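Reader: Could you take me on a close look at one helix of this model, and then follow its surroundings outward? I would enjoy one connected account rather than a list.

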Amino acid sequence: MSIEKVRTYLAQYGLDGRILEFETSSATVELAAAAAGCEPARIAKSLSFLVDGRAILVVAAGDAKVDNAKYKAQFGTKAKMLSPDQVTEMVGHAVGGVCPFGINEGVDVYLDASLRRFATVFPACGSSNSAIELSIPELESASRYQQWVDVCKNWTA
């Protein structure tokens, strides 16, 4: 089960005990916000894309949308999201529980600037009914991110 993979992964950072498991689904931004008791913008959604034949994750705020022009300027290609089957195969988590923890080797993680306005955010933990509240420095450390990017729109600082 993917949440167990994430629990094991987060243990190396001493964060495994902070995983929240909900009675209800947290598979969408709205459901996750309701389950976690926070505003939707604080949900750190992990978006899966194909770049040069490889999967990447862009972790963005719940209220942010990918800006195609910014994305192309950053990654040199059009934004092409993975299909649900590709996400499971290439990233290692199923849609609804995708997160930057315990992912397959070779998947690069990028953190979007839309997250920086919050002290803490809530990424999923590998299942459609889990999350964890992390500070931005904790997210940076645990996600092993490549770099901060600015590829989203429709959010305000």
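Author: Happily. In H5 of this predicted model, the residues that are buried are Ile 136, Leu 139, Ala 142 and Ser 143. Their directions around the axis span an arc of only 135 degrees, so these residues sit on the same side of H5. Behind that pattern is a general rule: an α-helix has 3.6 residues a turn, so residues three or four places apart point the same way. What covers the buried residues of H5 includes two other strands beside S5 and S9, namely S6 (120-123) and S8 (134-135), together with helix H1. Just past the end of H5, Arg 144 has a positive phi of about 50 degrees.

Since H1 is part of that cover, let us turn to it next. Ser 2, Ile 3, Val 6, Tyr 9 and Leu 10 are the buried residues here. Viewed down the axis of H1, they stay within an arc of 120 degrees, so they line one face of the helix. Packed against them are strand S1 (20-21), S7 and, once again, H5.

Leu 10 is a good place to see the two helices meet. Setting aside residues up to four places away in sequence, Leu 10 touches Ala 142 of the H5 set, as well as Leu 15, Asp 16, Ile 19, Phe 101, Cys 125 and Ile 132. Leu 10 also stands out in the largest nonpolar core, which has 49 residues: together with Tyr 71, Phe 75, Phe 101 and Leu 115, it touches the most other members. Both H1 (2-11) and H5 (136-143) supply at least two residues of this core, and so do H3 (68-75), H4 (84-91) and the strands S2 (43-51), S3 (54-61), S5 (108-112) and S9 (147-149). The element that gives the most is S3, with seven residues. A separate core of nine residues lies apart from this one, and Phe 22, Ala 32, Ala 33 and Phe 122 are among its members. In soluble globular proteins, nonpolar side chains tend to be buried together.

Not everything in the interior is nonpolar, though, and S7, one of the elements packed against H1, offers an example. Ser 130 is found in this strand, which covers residues 130-131. With a relative accessible area of 2%, under the 20% limit, Ser 130 counts as buried. A polar atom of the Ser 130 side chain lies 3.2 Å from the backbone nitrogen of Cys 125. Beyond its neighbours within four places in sequence, Ser 130 is in contact with Ile 3, Ile 19, Leu 20, Glu 21, Phe 22, Ser 26, Ala 124 and Cys 125; Ile 3 is one of the buried residues of H1.

S7 also takes us to the largest pocket, as one of the elements that give two or more residues to its lining, alongside H2 (29-36), S2, H4 and S6. The space in this pocket comes to about 350 Å³. It is lined by 24 residues, and the closest to its centre are Ala 27, Lys 45, Ser 46, Gly 96 and Val 98. S2 provides the largest share of the lining, six residues.

S2 also holds Ser 48, a serine that is buried at a relative accessible area of 5%. Its contacts, leaving aside neighbours within four places in sequence, are Ile 56, Leu 57, Lys 80, Met 81, Leu 82, Val 87, Val 91 and Val 98. Of these, Val 98 is also one of the residues closest to the centre of the pocket.

One last stop is the region around H3, another contributor to the largest core. Asp 67 caps the N-terminal end of H3, with a side-chain oxygen 3.0 Å from the backbone nitrogen of Ala 69. After H3 comes Gly 76, with a positive phi near 70 degrees. Val 66, in strand S4 (residues 65-66), is counted as buried at 19% relative accessibility. Val 66 touches Leu 47, Phe 49, Tyr 71, Ala 79, Val 151, Cys 152 and Lys 153, not counting residues up to four places away in sequence. Lys 153 itself, in strand S10 (residues 152-153), is partly exposed, at 37%. Its contacts outside four places in sequence are Asp 63, Ala 64, Lys 65, Val 66 and Asp 67, so the capping residue of H3 appears there too.

Definitions and conventions: Residues are numbered from 1 along each chain as its sequence is written. This is a predicted model: local features need pLDDT of at least 70, side-chain atom pairs count only at pLDDT 80 or more; totals for chains, interfaces and linings use all residues. Side-chain values use heavy atoms; hydrogens and water are left out. A nonpolar core is a set of buried Ala, Val, Leu, Ile, Met, Phe, Trp, Tyr and Cys residues joined through side-chain atoms within 4.5 Å. Buried means under 20% relative accessible area, exposed over 50%, partly exposed in between (1.4 Å probe, protein chains only). Helices (H or I, at least four residues) and strands (E, at least two) are DSSP runs, numbered from the N terminus. Contact means heavy atoms within 4.5 Å. A polar contact is a pair of N or O atoms within 3.5 Å; within protein, one must be able to donate a hydrogen and the other to accept it, and residues adjacent in sequence count only if both atoms are side-chain atoms. The arc is that of the directions from the helix axis to the C-beta atoms. On a 1 Å grid over the protein atoms alone, a cavity is a set of points where a 1.4 Å probe fits but cannot get out, and a pocket is an open set with protein on both sides within 12 Å along at least five of seven lines; lining residues have an atom within 4 Å of a point. Grid points are joined across faces, edges and corners, and a volume is the space filled by probe spheres set on the points.
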